[in-house]
Amino acid sequence: VGSSSLWMNCPSGMKRALRQHHRILRHHIETHFGYEVKTIGDAFMISFKDPAAACRFAVDVQQDLINEKWPEELQAETTPIPVKVRIGIHCGELEVEYDEYSGKFDYYGSTVNVASRVEGTAD
């Protein structure tokens with residue numbers, strides 16, 4: 001949330017913060033048995049076996065982001081918690097295809113679209 005202006009005003013701090021962000025998310029993807037479908041910039045697309053795991057993941061990620069020690073220059077640019085994320089959760093049937101180029105599975109369909117829209121409405 002608000003990362004574009006932080007990238008413009010504090011690129012070195014955001015570069016470090018992005019590594020921290022990715023470390024936190026990937027730790028919780030692993031501990032909640034998720035599957036990292038792909039990343040786009042600082043956005044992750046993740047799947048879980050059940051909605052409860054996705055919800056536990058979301059809560060744990062938000063707690064760790066609040067408790068993380070972020071680069072000082074980011075804290076000078078924004079609130080005391082400079083890195084905030086929106087997490088959209090939706091469940092349903094998916095279209096799954098193996099992408100030979102990436103070597104990973106990718107997901108498509110209305111379930112993915114709704115999850116993206118849910119994420120976009122979060123504040």
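Where in the chain is the place of F33? Select it in your viewer and you will land in the loop between α2 and β1. Before going further, please keep in mind that this is a predicted model.

**Stop 1: the loop at F33**

While F33 is selected, look at its backbone. Phi of F33 is near 60°, a positive value in a residue other than glycine. Now switch to a surface view. F33 counts as exposed because its relative accessible area, 67%, is over the 50% cut-off.

**Stop 2: back into helix α2**

From the loop, step back into helix α2, which covers residues 11–31, and pick H28, a member of that helix. Is H28 buried or exposed? With a relative accessibility of 7%, H28 is buried. To see what surrounds H28, show F57, D60, V61 and D64: these are its contacts once neighbours within four places in sequence are set aside.

**Stop 3: the nonpolar core**

Stay with α2 and add α3, residues 51–67, to the view. The largest nonpolar core of the model has 18 residues. Select L65 and L74 to find your way into this core, as they have the most contacts inside it. Helices α2 and α3 each supply at least two residues of the core.

**Stop 4: E36 and R26**

Next, move to strand β1, residues 35–40, and choose E36. Which residues does E36 touch, not counting those up to four places away in sequence? Show R26, I29, F44, M45 and K104 to see them. The relative accessibility of E36 is 16%, so this residue counts as buried.

Draw a distance between the side chains of E36 and R26. They are joined by a polar contact of 2.8 Å, and the two residues also form a salt bridge, with 2.8 Å between the closest N and O atoms. This pair links distant parts of the chain, since E36 sits in strand β1 and R26 in helix α2, 10 residues apart. R26 itself is partly exposed, at 37% relative accessibility.

**Stop 5: more salt bridges**

Side chains of opposite charge can pair when their charged atoms come close. How many salt bridges does the structure hold? There are 4, and the pair you have just seen, E36 with R26, is one of these salt bridges.

For another, select E73 and R16, whose closest N and O atoms are 2.5 Å apart in a salt bridge. Here too, distant parts of the chain are linked: E73 is in helix α4 and R16 in helix α2, 57 residues apart. Colour both by accessibility if your viewer allows. E73 is partly exposed at 27%, and R16 is likewise partly exposed, with a relative accessible area of 33%.

Then select K38 and D106. Their salt bridge has its closest N and O atoms 3.2 Å apart. K38 lies in strand β1 and D106 in strand β4 (residues 104–108), so the pair ties together parts that are 68 residues apart in sequence. Which of these two partners is buried, and which is partly exposed? D106 is buried, at 10% relative accessibility, while K38 is partly exposed, at 29%.

**Stop 6: T39, along the strand**

Keep strand β1 in view and select T39, which is also found there. T39 counts as partly exposed, with 33% relative accessibility. Leaving aside neighbours within four places in sequence, T39 is in contact with R26 and F44. You have met both before, because R26 and F44 are among the residues that E36 touches.

For a sense of scale, measure from the C-alpha of T39 to the C-alpha of P82. The two are 20 Å apart in space and 43 residues apart in sequence.

**Stop 7: a nonpolar patch on the surface**

To finish, turn the surface back on and select L94, V96, Y98 and F105. What do these residues form? They make up a nonpolar patch on the surface, with about 360 Å² of accessible area together.

Within the patch, zoom in on L94. L94 is found in the loop between α4 (72–77) and β3 (95–99). With a relative accessible area of 32%, L94 is partly exposed.

Notes
Residues numbered from 1 in each chain as written. Predicted model: local features only at pLDDT ≥ 70, side-chain atom pairs only at ≥ 80, totals over all residues. Heavy atoms only, no water. Core = buried A, V, L, I, M, F, W, Y, C linked by side-chain atoms within 4.5 Å. Buried < 20%, exposed > 50% of the residue type's maximum accessible area, 1.4 Å probe, protein only. Helix = DSSP H or I, 4+ residues; strand = E, 2+ residues; numbered from the N terminus. Polar contact = N/O pair within 3.5 Å; in protein donor to acceptor, adjacent residues only side chain to side chain. Contact = heavy atoms within 4.5 Å. Patch = residues over 30% accessible without salt bridge, like charges linked within 9 Å, V, L, I, M, F, W, Y side chains within 5 Å. Areas by Shrake-Rupley, 256 points an atom, 1.4 Å probe, with all protein chains shown as cover. Salt bridge = Lys/Arg side-chain N within 4 Å of Asp/Glu carboxyl O.
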